[in-house]
Structure formats: structure tokens, C-alpha cells
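Visitor: Could you pick one part of this model and take me through it slowly? I'd like to see how its pieces fit together.

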Amino acid sequence: MSAALPYLPTARLALKALQRHQAQRLSELANGPEIADNTAAIPSPYTLETALTFIDGQEANFRSGQSLALGVHLRESDELIGVISLRLSAAHRSGHLGGWTAAHRRNQGYAAEAAGAIMAFGFTELALHRVGSQCFARNKGSARVMEKIGLGYEGCIKGAFLKNGIHEDMLLYGLLRADWQPVS
């Protein structure tokens with residue numbers, strides 16, 4: 001796998017490697033409303049050190065085939081508005097989609113646009129067989145994004161994740177490359 005992280009442009013977004021000078025902004029956004037509460041792996045608080053470690057590890061994680069994580073930027077202004085990622089499994093030729101969008105940029109279609117672009121890259125450039133994702137059952141926004149990009153609902157795992165002392169139900173979504181319809 002190439003060491004260089006891809007640049008993925010969409011109609012309104014630029015998905016690209018995060019830079020160290022963005023660490024403070026990444027930390028501020030990741031500490032925003034509902035980010036840690038609605039994600040499985042984002043710590044709270046999300047410190048500057050956490051942001052720098054994440055940024056510094058992007059290329060090595062991609063080069064080793066572990067994950068592809070990119071900053072989501074508005075094309076017109078280069079404003080960082082979130083992160084989108086695929087956690088990769090070479091053994092299964094699959095990717096697990098994850099990400100978040102800053103509170104002030106939600107409900108504008110950016111999450112679906114970014115998720116659709118990284119999923120397309122996974123199918124076309126990484127030759128993934130399957131892309132899947134999951135979200136807490138209470139996270140209707142994430143479920144809506146998965147459905148918008150074509151991931152099919154595959155079921156609910158009751159009490160599968162302990163979050164803030166509460167066992168949460170997880171909704172599962174997935175799509176095979178053979179069933180994927182590229183957006184034209």
C-alpha cells in the first residue's frame with residue numbers, strides 16, 4: 001500500500017491528510033457536543049496531545065493497512081469540519097466506516113458526502129469486498145448517513161457496547177462491492 005494518504009475531492013469537500021498545525025482545531029472540534037458521546041473510540045476530553053498523536057499516526061496506519069483516516073474540509077474555505085475513516089482488515093478485504101462532523105456543520109449532507117467518497121475509494125482503490133459500519137441505536141443521524149450512502153441495515157446487537165456506564169444497542173450496516181452503486 002502506498003505511504004501517501006489520498007486526496008479525495010467531492011462536490012463540496014476535500015478529504016485529505018490532517019496536518020500538525022490543525023491539532024488545536026481538531027481538539028476543539030472533537031470536544032464539541034455529542035462527538036465522544038456518539039462514538040465508540042473518541043476520548044473525552046480530546047486533548048491536544050491526543051490530536052497530535054492521531055495526526056502523526058495517519059500515514060503509518062495507512063501504510064500498514066490498519067486504517068485510512070482523513071480530515072474533512074470544506075473545499076471553498078479549507079475549514080476542517082470533521083474526520084472520516086475506514087478501519088481496514090486485509091485478511092477479510094473489508095473496511096469499517098467511522099467518522100464525525102462538527103456540531104455547527106451537521107444536517108447539511110457533509111457526513112454522507114464524506115462517507116460516500118471514502119467508501120468509493122475503499123471499493124475502487126483498495127479493492128474492498130465489504131464496507132460496514134455501526135452506530136448506537138439512539139444515534140439516528142449516523143443511521144441516516146449510512147442509509148443515504150447505500151449501506152443496508154443488517155440488524156441490532158442488544159446491549160453490545162458499554163458507554164458511560166450504560167449498555168447500548170448497536171445497529172449494524174453493510175454493503176458488498178458487488179451491490180455498490182457508484183454515485184455519478
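Guide: Let's start at a hairpin and follow the chain onwards from there. Keep in mind that this is a predicted model, where local features need pLDDT of at least 70 and side-chain atom pairs 80 or more, while totals for chains, interfaces and linings use all residues. Residues are numbered from 1 along each chain as its sequence is written, and side-chain values use heavy atoms, leaving out hydrogens and water.

Find strand 4, residues 80-89, and strand 5, residues 94-101 (DSSP runs numbered from the N terminus: strands are E, at least two residues, and helices H or I, at least four). These two run antiparallel, joined by eight bridges (strands pair if DSSP finds at least two bridges between them). Look across from Arg87 in this pairing and you'll meet His96 in strand 5. Four residues lie between the strands of this hairpin, and Arg93 there takes a positive phi near 50 degrees.

Now turn to what else strand 5 pairs with. Strand 6, residues 130-136, runs parallel to strand 5, with three bridges between them. One spot to look for is Gly95, whose bridge partner in strand 6 is Val131. Along with helix 4, residues 110-124, strands 5 and 6 make a right-handed β-α-β unit (with the strands pointing away from you, the path from the first strand over the helix to the second runs clockwise).

Helix 4 also leads us to some aromatic rings. The whole structure has three aromatic pairs (rings of Phe, Tyr and Trp, using its six-membered ring, with centres within 6.5 Å; planes under 30 degrees apart are stacked, over 60 edge-to-face, the rest tilted). One of them is Phe123 with Trp180, a tilted pair at 5.3 Å centre to centre and 45 degrees between the planes. Phe123 sits in helix 4, while Trp180 lies in the segment after strand 8 (166-176), so this pair links distant parts of the chain, 57 residues apart. Both Phe123 and Trp180 are buried (under 20% relative accessible area, with exposed over 50% and partly exposed in between, using a 1.4 Å probe and protein chains only).

Strand 8 has a ring for us too. Its Tyr173 forms a pair with Tyr153 of strand 7, residues 152-163, with 20 residues separating the two. This pair is edge-to-face, at 5.6 Å centre to centre and 65 degrees between the planes. And why does Tyr173 count as buried? Because its relative accessibility is 3%.
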